[in-house]
Amino acid sequence: MAPRQGPQAPLEFGGPLGAAALMLLLPATMFHLLLVVRSGPARLLGPPPYLPGLEVLWSPQALLLLLTWLGLQAALYLLPARKVAEGQELKDKSRLRYPINGFQALVVTALLVGLGLSAGLPLGALPEMLLPLAFAATITTFIFSLLLYMKAQVAPASALAPGGNSGNLIYDFFLGRELNPRICSFDFKYFCELRPGLIGWVFINLALLVQEAELRGSPSLAMWLVNGFQLLYVGDALWHEEAVLTTMDIMHDGFGFMLAFGDLAWVPFTYSLQAQFLLYHPQPLGLPMAAVICLISAIGYYIFRGANSQKNTFRKNPSDPSVAGLETIPTATGRQLLVSGWWGMVRHPNYLGDLIMALAWSLPCGVSHLLPYFYVLYFTALLVHREARDERQCLQKYGRAWHEYCRRVPYRILPYIY
Ligand SMILES: NC(=O)C1=CN([C@@H]2O[C@H](COP(=O)(O)OP(=O)(O)OC[C@H]3O[C@@H](n4cnc5c(N)ncnc54)[C@H](OP(=O)(O)O)[C@@H]3O)[C@@H](O)[C@H]2O)C=CC1
Ligand SMILES: CC(C)=CCC[C@@H](C)[C@H]1CC=C2C3=C(CC[C@@]21C)[C@@]1(C)CC[C@H](O)C(C)(C)[C@@H]1CC3
């Protein structure tokens, strides 16, 4: 049986109680959003219009569609890749290999959906299935997380994540015990992080656009903007797929309910909230305002991409000409920390860019409702919490060098404010 982690690993997310609360709260919030977005008042903080019974939530067709989708994405993951990348060094000094073919999966899926549409595939019917699809995804992720938990029971100690092995069943089930659960070369966490949920989000958005066109003759400018911005975000993530190997999720977190539910249910069904809102609550948007929103989105993307690429290039090859001139702090681990360029502005410039983009995704929905701004509120909370987790880990890794970095770059996300 796999050993537990030592007493030195502090419990995160409020320990077992916090984990249990989140396991109830996250699915409940997702269903609340799906219900209120199609109601007349669309109030984020109001009660849902009704409490759906099992006959509304459960649909064998939805489960079949979900499993077909997962199967298709798994098959595309197994196709020959243009490149195979090596991950970060593991506890046992080995490195895992990952196929870089996520963008290819997006393009092939788009071609298949395009073919389907020309053959009469009723994509516009998908919005009506979102509730049963979300229910099927929730059940599937609970079962999947249970299987992952059981798989970790027989994993060697070196395969376990630094957190998620406290010995408390609920906490470990939520956080995830194994760092990189795999069957042969199929890596479940890497697959789920970027493929079924992110690509699913784009096609849910497209289905909402198609249904809007069917209902009102053509998609609105606001719907085009939301679809365009979010397609750019997902396309960018898949194009720079290799960069995900240096994120906290892949390097540090185990694969349990939090990430499985986050990747497969939360992302596609709540990140598409703005497009859902626009289908049920059309909003007028003039060209000048649309231009301002595009500018905000472009600024956010410029910071997000610039910061992420600068760090990834530096981590892969510090003498790359694009980063070789940047100022750095040496650390006892042999790795260096950037203190100029994007990473000299604030300690998490990539979060700042991501938050600016989040705002640009909500602005096309107008200012009459709080609901489409849910993503901005949730994402701010997520990134502030994530930033605190990352700071703890960096302090542990780099000690005095991290203190020096914090002294030289005092702001975390927003210059002169936070
Ligand atoms: N849309 C969404 O729902 C979400 C999006 N994101 C996005 O994902 C991206 C990745 O985020 P995340 O994994 O949280 O964190 P980061 O990509 O910011 O990675 C943090 C790591 O970067 C390294 N680092 C920190 N400071 C420096 C420095 N000055 N110089 C060099 N390396 C440094 C450290 O690792 P080391 O030194 O070991 O390399 C640290 O642990 C972000 O753009 C974020 O906005 C994140 C969560 C959710
Ligand atoms: C509250 C809750 C449900 C927790 C789970 C959080 C997850 C939804 C997010 C954790 C980190 C994520 C990342 C992305 C999507 C959301 C999750 C899974 C990401 C794939 C989005 C696209 C970006 O370009 C990214 C690749 C940098 C990013 C990585 C982190």
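**Figure 1. Helix α3 and the lining of the second largest pocket.** In this predicted model, α3 gives the lining of the second largest pocket its largest share, 6 residues. The volume here comes to about 670 Å³. Look towards the centre and you'll find L65, W69, L123, L126 and F203, the closest of the 28 lining residues. Besides α3 (60-78), the elements that put two or more residues into this lining are α4 (102-118), α5 (130-153), α8 (196-216) and α11. Sorted by class, the lining is 21 nonpolar and 7 polar residues, with no charged ones.

**Figure 2. Ligand 2 and its shell.** A set of 16 residues surrounds ligand 2, and E193, A237, D249, D263 and F304 are the closest. On its own, ligand 2 would expose 620 Å², and the protein buries 86% of that. The shell is a mix of classes: 11 nonpolar residues, 4 charged and 1 polar.

**Figure 3. The helices around ligand 2.** Four helices are worth picking out here: α7 (188-194), α9 (221-239), α11 (257-270) and α15 (374-398) each bring at least two residues to the shell of ligand 2. Which helix gives the largest share of that shell? That's α11, with 5 residues. You've met α11 already, since two or more of its residues also go to the lining of the second largest pocket.

**Figure 4. The largest cavity.** How many cavities of 30 Å³ or more does the structure hold? There is 1, and the space inside the largest cavity is about 40 Å³. Its lining includes the glycines G163, G164, G176 and G254, along with A161 and L175. E12, H252, D253 and R389 line the cavity too. By class, that makes 5 polar, 3 charged and 2 nonpolar residues.

**Figure 5. Two of the annotated transmembrane spans.** The "transmembrane region" label comes from an unreviewed UniProt entry, and the residues it covers include 100-123 and 285-304. Start with residues 100-123: this span is 71% helix and 0% strand, and its end C-alpha atoms sit 29 Å apart. For residues 285-304, the figures are 90% helix and 0% strand, with 26 Å between the end C-alpha atoms. The same UniProt annotation also covers residues 12-37, 57-79, 129-149, 254-273 and 355-384.

**Figure 6. Stepping back to the chain.** Zoom out from the close-ups and the chain shows 16 helices and 6 strands. Its C-alpha trace spans about 60 × 55 × 45 Å along the principal axes. Why does the radius of gyration agree with a compact globule? A globule of 418 residues would have a value near 22 Å, and the chain has 22 Å, so the two agree.

How values were computed:
Residues numbered from 1 in each chain as written. Chains lettered and ligands numbered in written order. Predicted model: local features only at pLDDT ≥ 70, side-chain atom pairs only at ≥ 80, totals over all residues. Heavy atoms only, no water. UniProt positions renumbered as here; feature names shortened; annotations may be inferred. Near = heavy atom within 4 Å. Areas by Shrake-Rupley, 256 points an atom, 1.4 Å probe, with all protein chains shown as cover. Nonpolar A, V, L, I, M, F, W, Y, C, P; charged D, E, K, R; others polar. 1 Å grid on protein atoms, 1.4 Å probe; cavity = no way out; pocket = protein on both sides within 12 Å on 5 of 7 lines; lining within 4 Å. Points joined across faces, edges and corners; volume = space filled by probe spheres on them. Rg over C-alpha atoms; globule rule 2.2 N^0.38 Å.
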